Amino acid sequence: QDRSCTPDACVLHNHRQQIMKLELCHFSGYKIYPGHGKRYARVDGKAFNFLSGKCERSFLMKRNPRKITWTVLYRRKMKKGTTEETQKRRSRRTTRFQRAIQGATLQMIQAKRNQTQEVRKAQRDQAIRAAKEKASARKTAKQTQKKAHPGKAASKAPQQATKVTKKLKTQAPRVGGKR
C-alpha cells in the first residue's frame, strides 16, 4: 500500500492515520515526543518518564519541581502566563435586584421593612393575643362537649386503665461491662 497518498485518497484506500503517543515528563511537566526522553523504573515497579538527563538527575536528587523556575509546576504555582484568562473572568459582575415573594408584592415587602420597632411589637402582641383567645375558645368548646356527652368519655377511661396495668416482660440485667 502507498503511504504517500493525500488525506482524501486515504479515506478511499481505507488507511488509518497513526496517532502519536505523547508522554509527560514526570519532573518538568513538558511533553515527550516519540524517540525522545528516558523511562526510569524504580525497584517497587513504578515507572517515570523524563524529558532529559537534567530532569532525571533533579528527580533523583529529590528536588521539588515547584521550586525550580523552568518547570510547568512552578509556572502554574506562580500563575505565570495566565494574564489573558483573568481579564475575561473579571468582566462579569453580579447585580442584585429585589423580587416579590409569593403571596406578598414588592410594595408590601418595602412597607414592612420601613415599619418602626413599636409598630412591629404591637402587631406581634396582637397576633399572640388572637392565638391565645383561639386556644382558650377551643378548650372551652372541648369542656362543653365532655359535659354534653359524658358516656363517651367514661367508656374511654377503662380502656386506658387496662393498657396501663398490663405488665411488659423486662430483660434480666446485663452482667459484665461493655461488649
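**Note on helix H2 and two lysines with positive phi**

1. In this predicted model, strand E3 (38-41) and strand E4 (47-50) are the elements against which the buried residues of H2 pack. Helix H2 itself spans residues 53-60, and its buried residues are Cys55, Glu56, Ser58 and Phe59. These residues lie on the same side of H2, because the arc that they cover around the axis is only 165°.

2. What follows H2, and what is the sign of its phi? The helix is followed by Lys62, whose phi is positive, and the value, near 60°, occurs here in a residue other than glycine. As general background, most residues other than glycine have a negative phi, which is the reason for listing this backbone angle separately.

3. As to its surroundings, Lys62 is placed in the loop that lies between H2 and helix H3 (72-77). Is this residue buried or exposed? Its relative accessibility is 76%, and Lys62 therefore counts as exposed, the cut-off for that class being over 50%.

4. A further positive phi, of about 55°, belongs to Lys79, which is likewise not a glycine. This lysine is found in the loop between H3 and helix H4 (83-90). With a relative accessible area of 63%, Lys79 is exposed.

5. For anyone checking the backbone of the model, the two entries to inspect are thus Lys62, with phi near 60°, in the loop between H2 and H3, and Lys79, with phi of about 55°, in the loop between H3 and H4.

Technical notes: Residues are numbered from 1 along each chain as its sequence is written. This is a predicted model: local features need pLDDT of at least 70, side-chain atom pairs count only at pLDDT 80 or more; totals for chains, interfaces and linings use all residues. Side-chain values use heavy atoms; hydrogens and water are left out. Buried means under 20% relative accessible area, exposed over 50%, partly exposed in between (1.4 Å probe, protein chains only). Helices (H or I, at least four residues) and strands (E, at least two) are DSSP runs, numbered from the N terminus. The arc is that of the directions from the helix axis to the C-beta atoms. Contact means heavy atoms within 4.5 Å.
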